[in-house]
Amino acid sequence: MGKLIIGGVLITWALILAARDFRTRTLPNILTLPALLVATVWAIASGNWWALAGGLCWFLLYVLVGHVSAGIGGGDIKLAPTLGILIGTDGLVPVLIAIGLAQIFSIATGLLFKQKRIPHGPGMLLATALVWLAVPAARLF
């Protein structure tokens with residue numbers, strides 16, 4: 001029952017974030033930062049250092065890309081560590097796959113809608129969900 005509730009909360013959170021990003025091109029702190037806090041506390045409390053490494057990996061990569069180009073926004077940077085923690089429970093490979101898929105999804109969205117400025121959060125969330133479903137070792141619950 002607990003896993004069902006956690007899954008429902010995560011799905012609802014992801015759908016709200018994706019809808020918000022599509023509509024306003026922003027990922028609000030009120031949705032990204034509490035999730036990061038909860039994920040970080042869980043990873044530390046459970047001693048899952050791989051999850052923390054996954055979150056740190058995605059975060060640092062996006063900080064670097066955001067510094068070099070304008071392609072990654074602040075909301076994406078704040079969402080990245082939470083997603084990395086969620087799927088980094090057994091190593092960095094699932095995180096790196098999700099990062100690559102997120103880029104592909106965002107590029108495809110831009111081509112599909114013929115826009116240069118596209119929301120990246122939905123691609124990040126979809127990539128994370130697909131990796132979570134496809135890689136059992138990436139599941140935190």
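**Exercise 1. Leu-37**

Task: Place Leu-37 in its element, decide whether Leu-37 is buried or exposed, and find its C-alpha separation from Thr-82.

Solution:
- Start with the element. Leu-37 is found in helix 2. The model is a predicted one.
- Next, take the accessibility. The relative accessibility of Leu-37 is 56%. The cut-off for exposed is over 50%, so Leu-37 counts as exposed.
- Now go to the partner. Leu-37 and Thr-82 are 45 residues apart along the chain. Their C-alpha atoms are separated by 8.3 Å.
- Thr-82 is itself among the buried residues of helix 4.

**Exercise 2. Helix 4**

Task: Describe the length, bend and cover of helix 4.

Solution:
- Count first. Helix 4 spans residues 74-87 and has 14 residues.
- Compare the reach with the expected span. From first C-alpha to last, helix 4 covers 21 Å. At 1.5 Å a residue, 20 Å is expected, and the two values are close.
- Find the bend. Helix 4 bends by about 25 degrees at Ala-80. A proline, Pro-81, follows within four residues.
- Check the cover. Of the 14 residues in helix 4, 12 are buried, so the helix is mostly covered. Ala-80 and Pro-81 are among the buried ones. So are Gly-75, Asp-76 and Ile-77, by the under 20% cut-off.
- Look at Gly-74, which also lies in helix 4. Its relative accessible area is 41%, so Gly-74 is partly exposed.
- Finish with a distance. Gly-74 and Pro-34 are 40 residues apart in sequence and 15 Å apart in space, C-alpha to C-alpha.

**Exercise 3. The core**

Task: State how many residues the largest nonpolar core has, and which element gives the largest share.

Solution:
- The largest nonpolar core has 22 residues.
- Those with the most contacts inside it are Trp-13, Trp-58, Tyr-62, Leu-79, Leu-83, Met-124 and Leu-125.
- Two or more residues each come from helix 1 (2-24), helix 3, helix 4, helix 5 (93-113) and helix 6 (121-134).
- Helix 4 gives the largest share, 6 residues.
- Compare with the general trend: in soluble globular proteins, nonpolar side chains tend to be buried together.

**Exercise 4. Helix 3**

Task: Contrast Ala-51 with Leu-64 and name the nonpolar patch on the surface.

Solution:
- Ala-51 lies in helix 3. Its relative accessible area is 0%, so Ala-51 is buried.
- The C-alpha atoms of Ala-51 and Thr-40 are separated by 8.6 Å. The two residues are 11 apart along the chain.
- Leu-64 is also placed in helix 3, residues 49-68. Leu-64 counts as exposed because its relative accessibility is 52%.
- Leu-64 joins Leu-61, Val-65 and Val-68 in a nonpolar surface patch. Together they have about 340 Å² of accessible area.
- A helix rule helps in reading such spacings: with 3.6 residues a turn, residues three or four places apart point the same way.

**Exercise 5. Arg-25 and Val-93**

Task: Say what is notable about the phi of Arg-25, then locate Val-93.

Solution:
- Arg-25 lies in the loop between helix 1 and helix 2 (29-46).
- Its phi is positive, about 65 degrees, although Arg-25 is not a glycine. Most residues other than glycine have a negative phi.
- The relative accessible area of Arg-25 is 25%, so this residue is partly exposed.
- Val-93 lies in helix 5. Val-93 is exposed because its relative accessible area is 55%.
- Val-93 and Ile-72 are 21 residues apart in sequence. In space they are 21 Å apart, C-alpha to C-alpha.

Methods. Residues are numbered from 1 along each chain as its sequence is written. This is a predicted model: local features need pLDDT of at least 70, side-chain atom pairs count only at pLDDT 80 or more; totals for chains, interfaces and linings use all residues. Side-chain values use heavy atoms; hydrogens and water are left out. The expected span of a helix is 1.5 Å times one less than its number of residues. The bend at a residue is the angle between axes fitted to the seven residues ending there and the seven starting there. Buried means under 20% relative accessible area, exposed over 50%, partly exposed in between (1.4 Å probe, protein chains only). Patches are made of residues with over 30% relative accessible area and no salt bridge: like charges are joined within 9 Å, nonpolar side chains (Val, Leu, Ile, Met, Phe, Trp, Tyr) within 5 Å. Accessible areas come from the Shrake-Rupley method with a 1.4 Å probe; for residues, only the protein chains shown count as cover. A salt bridge is a side-chain nitrogen of Lys or Arg within 4 Å of a carboxyl oxygen of Asp or Glu. A nonpolar core is a set of buried Ala, Val, Leu, Ile, Met, Phe, Trp, Tyr and Cys residues joined through side-chain atoms within 4.5 Å.
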